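Please open the structure in a viewer and keep the sequence at hand. The tour below proceeds from the whole chain to single residues.

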Amino acid sequence: MDRPEFPHDLLEVQTAWYLTYGRLATAPTTQVAPYRRRLLELSRRIADHPYWQTPQGTPAARVALKEQARAAAVRGRRP
């Protein structure tokens, strides 16, 4: 199966979500609010992206986006 091509901005936002989540996991409990706000904003941008209104925006594409973004986040950088 070919790897889906995602808009660069969508892949970048999903990768930022994973990087932010990682920072939240290690943040002191007194400093988590900004990370939570950022995750909510990134989640909104991902869910509202126009890509999901196209024929390519399938549930399988959502999984593939997460896999690609997670791999980029593990490498510690944006795509």
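**The whole chain**

Begin by colouring the protein chain by pLDDT, the predictor's confidence in each residue, from 0 to 100: the mean is 93, and 94% of the residues reach 70 or more. The model is predicted, and local features need pLDDT of at least 70, side-chain atom pairs count only at pLDDT 80 or more, while totals for chains, interfaces and linings use all residues. Residues are numbered from 1 along each chain as its sequence is written, and side-chain values use heavy atoms, with hydrogens and water left out.

With the entire chain selected, the C-alpha trace spans about 45 × 25 × 20 Å along its principal axes. Of the 79 residues, 34% count as buried (under 20% relative accessible area, with exposed over 50% and partly exposed in between; 1.4 Å probe, protein chains only).

**The helices**

Switch next to a cartoon display. The protein chain has three helices and zero strands, where helices (H or I, at least four residues) and strands (E, at least two) are DSSP runs, numbered from the N terminus. From that end, the elements run α-α-α. Select helix H2 (residues 33–47), which has the highest mean pLDDT among the elements, 98; helix H3 (residues 59–74) has the lowest, 96.

Contacts may now be displayed, a contact being heavy atoms within 4.5 Å. Of the contacts with a separation of 6 or more, 70% are between residues 24 or more positions apart.

**The nonpolar core**

Which residues touch the most other members of the largest nonpolar core? Select Phe6, Leu10, Ile46, Tyr51, Trp52, Ala61 and Leu65, which do so within a core of 16 residues. Such a core is a set of buried Ala, Val, Leu, Ile, Met, Phe, Trp, Tyr and Cys residues joined through side-chain atoms within 4.5 Å. H1, H2 and H3 are the elements that give two or more residues to this core, and H1 gives the most, with six.

Centre the view on Trp52. Not counting residues up to four places away in sequence, Trp52 touches Leu10, Ile46, Ala47, Gly57, Thr58, Ala61, Arg62 and Leu65.

**Gln14**

Finally, select Gln14, in helix H1 (residues 8–26). Is Gln14 buried or exposed? Gln14 has a relative accessible area of 5% and therefore counts as buried. Apart from its neighbours within four places in sequence, Gln14 is in contact with Ile46, Leu65, Lys66 and Ala69. Ile46 and Leu65 also appear among the contacts of Trp52.
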